[in-house]
Amino acid sequence: MRMLHVIVSAVVGGAIGFAASHTVSQRDDPAPMVAAAVKQAVKEAVDQRFAALDVETAADLEGKISGGVAQFLADSPEAVVAALEKYQANEQAREAEQRKDAVRNLSSVLTEQAADPVLGADAATADITVVEFFDYRCGYCKRALDGVVALADEDKKIRVVLKEFPILGPDSVTAARVSLATNKINPSMHFPLHEALMRHRGSFDETTLLGLAAATGYDPLKVAEMMKSEEISAHIRQTYEAAEALGIRGTPAFVIGDEIIPGAISKSAMQDAVRAARAG
């Protein structure tokens with residue numbers, strides 16, 4: 001690249017000098033003479049530089065440069081690996097920053113939707129909100145349940161928002177609808193149903209799910225009516241859109257502070273993420 005800069009500088013410098021020396025006396029129409037002078041100066045400068053570099057044409061020069069690069073890569077293959085690693089690190093940093101921006105932009109959707117069930121502290125008391133995207137039929141979500149509950153129980157300034165993200169088929173959607181309907185009818189009774197749905201291992205058909213709702217104190221007829229409302233449909237669509245914007249494709253996934261953490265993580269890992277969010 002530096003070699004090319006040298007050539008260009010010589011060409012331009014030579015062209016300007018040659019043109020200036022030949023146009024002072026041209027008072028009538030200097031344009032043709034200037035054009036000819038520039039053309040001649042360019043040719044002479046290029047010829048001189050190619051000769052100095054032991055090349056005759058631009059193609060020869062390109063070949064020398066390409067050959068030098070090829071030889072360098074052959075002699076130093078570790079340079080290729082280092083360059084690729086640096087590129088990958090830069091890409092990962094850029095993508096992480098984009099995810100943080102998305103979390104910040106979606107803050108109200110993630111943490112302030114009245115339709116979402118919550119655990120732990122209320123919004124006025126909490127100093128950190130943990131958001132969990134989950135599916136009731138997801139085995140990893142079931143595995144994470146105890147850690148999530150313990151996190152909220154042990155730290156009275158943590159609020160957990162449960163984002164219904166039903167991605168494992170129609171039965172998952174039905175479970176999400178039942179959960180959101182019961183939370184709308186009476187949020188104070190919702191957690192026992194949430195726990196029952198998480199621990200349930202059998203069929204997730206509507207009749208079974210309404211039976212679980214009834215067993216935790218809800219009127220199944222009211223739940224059946226509410227779960228089919230457009231309001232609940234719109235809320236589930238909003239969650240899908242938020243997950244898409246955040247790059248969340250599976251469950252569970254946690255948003256803690258401005259970090260997105262995919263997969264089932266331990267309570268201690270959640271606590272580490274909470275500490276980092278508080279410090280940051």
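These legends describe close-up views of a predicted model.

**View 1. A nonpolar patch spans two helices, α3 and α4.**
V69, F72, L73, V80 and L84 form a nonpolar patch on the surface. Its area is about 440 Å². Helix α3 covers residues 58-75, and α4 covers residues 77-105. Each of these two elements gives two or more residues to the patch. The largest share comes from α3, with three residues. F72 sits in helix α3. Its relative accessibility is 46%, so F72 counts as partly exposed.

**View 2. Helices α6 and α12 pack at an oblique angle.**
Helix α6 runs through residues 139-154, and helix α12 through residues 267-279. Two packed helices are described by the angle between their axes and the distance between the axes. Here the angle is about 45°. The axes lie 9 Å apart. Angles of 35 to 65 degrees fall outside the parallel and perpendicular classes, so α6 is oblique to α12. The crossing of this pair, α6 and α12, is right-handed.

**View 3. Helices α7 and α8 run roughly antiparallel.**
Helix α7 holds residues 170-185, and helix α8 holds residues 190-199. Their axes come within 9 Å. They cross at roughly 165°. An angle over 145 degrees counts as roughly antiparallel, and α7 and α8 are therefore placed in that class. The crossing of α7 and α8 is right-handed.

**View 4. I232 is a buried residue of helix α11.**
Helix α11 spans residues 230-246 and includes I232. The relative accessible area of I232 is 5%. Buried means under 20%, so I232 belongs in that class. A176 is 56 residues away from I232 along the chain. The C-alpha atoms of I232 and A176 are separated by 9.1 Å.

**View 5. A salt bridge joins E231 to K184.**
The closest N and O atoms of this pair are 3.2 Å apart. E231 lies in helix α11 and K184 in helix α7, so the bridge ties together parts 47 residues apart in sequence. E231 is partly exposed, at 47% relative accessibility. K184 is also partly exposed, with a relative accessible area of 43%.

**View 6. K100 and E259 link distant parts of the chain.**
A salt bridge brings the side chains of K100 and E259 together, at 3.3 Å from N to O. K100 is in helix α4. E259 is in strand β5, which covers residues 259-262. The two residues are 159 residues apart. K100 is partly exposed, with a relative accessible area of 23%. E259 is partly exposed too, with a value of 38%. A search of the whole structure finds 16 salt bridges.

**View 7. D101 and R104 form a salt bridge within helix α4.**
The closest N and O atoms of D101 and R104 are 2.6 Å apart. The residues are three apart in helix α4, so about one helical turn separates them. D101 is partly exposed, at 35% relative accessibility. R104 is partly exposed as well, with a relative accessible area of 42%.

**View 8. A cis peptide bond joins T251 and P252.**
Most peptide bonds are trans. The bond between T251 and P252 is cis, with omega about -10°. P252 is found in the loop between α11 and β4. Strand β4 covers residues 253-256.

Notes: Residues numbered from 1 in each chain as written. Predicted model: local features only at pLDDT ≥ 70, side-chain atom pairs only at ≥ 80, totals over all residues. Heavy atoms only, no water. Patch = residues over 30% accessible without salt bridge, like charges linked within 9 Å, V, L, I, M, F, W, Y side chains within 5 Å. Areas by Shrake-Rupley, 256 points an atom, 1.4 Å probe, with all protein chains shown as cover. Salt bridge = Lys/Arg side-chain N within 4 Å of Asp/Glu carboxyl O. Helix = DSSP H or I, 4+ residues; strand = E, 2+ residues; numbered from the N terminus. Buried < 20%, exposed > 50% of the residue type's maximum accessible area, 1.4 Å probe, protein only. Axes fitted to C-alpha atoms, helices over the stretch in contact; angles between N-to-C directions. Parallel < 35°, antiparallel > 145°, perpendicular 65-115°, else oblique. Left-handed = near helix turned anticlockwise from the far one by under 90°.
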